[in-house]
Amino acid sequence: MPAHAIGILGTGSEVPDEETTNTELAERFGVTTEWIERKTRILSRRRMPDGQTPSALARRAAGRALERAGVPADRIDYVIVATTTGDTPLPPVSCLVQAGLGAHRAACFDLNIGCSGFVHGLAVAHALLSARPRAHALVVGAEAWSRFTDPQDRSTAVLLADGAGAAVLGPVPEPYGVLGSDLIGHGDKADLLVVEAGGSALPASHRTVDARQHYLRMNGRGVTEFVLAQVPPSVKELLGRTGVQPQDVAHFVPHQANGVLLDRLARDMGLAGARLHTTLEHFGNSGAASLPVTLDSAARAGELHDGDLVLLSGFGGGMAVGNSLLRWYEGGPR
């Protein structure tokens, strides 16, 4: 039997049908649609209707990933969901996904590390599967940020959205699969992205609701400075460790934070030969879901080719950064 690495076997995604357009937001905040597009590159963002949940989005995305991978749910050994906006404090979203899919043999857990959560989930799955080379993992990013976005806060309302993206990981032949990851936390910058209430420090009360403390608060300038200062060195470290030159990276799939920021980030990292993949124009910034949604969009469009080097980069709340480099695998026996 040939040696096997661990790689992505299939991807899937799900976004709500309901849209919030720039026209709606421009009227609300007294700006023009052109101003919003120029500042963010976003044209519209998706929002869950009442009654829909992130776990429902996650199940649909995961089901599509399993179908594309050709892996039945009962062969999944780990279900890992990255989310900061789960259905409820308990149970974990991963358990709801497991039950909905029928992945009854799988261990389940959630990761709460903001917008870098999907990459952290990939790194955890890679480590687990490296010890069990015939096992499979399902990694999902799922968010419902519209439920935590203050409709009066322009800085977050023009960006944030809902969605879910998923990937199935399992054995692939050498030299394909995950080549390496670089994860780092910056807790000293934790106050840049905060939801103050709803936890044990400030449980929900009339006072916290009236004070609007259950909404996300973001220091936009601080976040931008953090990303530009921390992501390029992390990527450089990862590429150096894996022996890959920046010009050899074919695809850059980042967290869909802000289109202007992503353009500058790609330039700063010297990824001259890489295609920058974005979906934020029509889906907005869906936190931990935005990267896997974008990865799935590229995969379904046939833009990722066998053997291509793909760089995934997540960054945000925590603050935290997660990068993963992989050689794309187009198929074969699972």
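**Notebook: a five-stranded sheet, strand 6 and Asn 22**

I began with strand 8 and strand 14 (residues 320–327), which pair in the antiparallel sense over eight bridges. I note here that I am working from a predicted model. As one pairing in register, I looked up Ile 184, and I found it standing opposite Val 321 in strand 14.

I then asked which helices pack on the sheet and touch strand 8, strand 13 and strand 14. Helix 5 (residues 117–130) packs there, touching strand 8, strand 13 (309–316) and strand 14, and its direction makes about 55° with that of strand 14. Helix 8 (residues 220–242) also packs on the sheet and touches strand 8, strand 13 and strand 14, with its direction at about 35° to that of strand 14.

Next I traced the sheet itself, which is open, has five strands in the order 8-14-13-11-12, and shows mixed pairing. Strand 8 (177–185) and strand 12 (275–276) stand at its edges, and each has a single partner strand, so one side of each is left without a neighbour in the sheet.

**Strand 6**

I turned to strand 6 (residues 137–144) and asked how many of its residues are buried. Eight of the eight are, so the strand is largely enclosed by the rest of the structure. I recalled that in a regular strand the side chains alternate between the two faces of the sheet. In strand 6, Ala 137, Val 139, Gly 141 and Glu 143 point one way, while Leu 138, Val 140, Ala 142 and Ala 144 point the other way, and all are buried.

For its neighbours, I noted that strand 6 pairs with strand 4 (residues 78–82) in the parallel sense over five bridges, and with strand 7 (residues 162–173) in the antiparallel sense over eight bridges. Leu 138 serves as a marker for both pairings, being the bridge partner of Val 79 and having Val 168 as its bridge partner in strand 7.

**Asn 22**

Last, I looked up Asn 22, which is found in helix 1 (residues 22–29). Is this residue buried or exposed? Its relative accessible area is 5%, and because buried means under 20%, I entered Asn 22 as buried.

I then followed the polar partners of its side chain, which reaches the backbone oxygen of Ile 42 at 2.7 Å and is joined to the side chain of Arg 45 by a polar contact of 3.0 Å. Leaving aside residues up to four places away in sequence, I listed what Asn 22 touches: Thr 33, Ile 36, Glu 37, Ile 42, Leu 43, Ser 44 and Arg 45.

Conventions
Residues are numbered from 1 along each chain as its sequence is written. This is a predicted model: local features need pLDDT of at least 70, side-chain atom pairs count only at pLDDT 80 or more; totals for chains, interfaces and linings use all residues. Side-chain values use heavy atoms; hydrogens and water are left out. Helices (H or I, at least four residues) and strands (E, at least two) are DSSP runs, numbered from the N terminus. Buried means under 20% relative accessible area, exposed over 50%, partly exposed in between (1.4 Å probe, protein chains only). A polar contact is a pair of N or O atoms within 3.5 Å; within protein, one must be able to donate a hydrogen and the other to accept it, and residues adjacent in sequence count only if both atoms are side-chain atoms. Contact means heavy atoms within 4.5 Å. Two strands pair if DSSP finds at least two bridges between them. Axes are lines fitted to C-alpha atoms, for helices over the stretch in contact, and angles run from 0 to 180 degrees between N-to-C directions.
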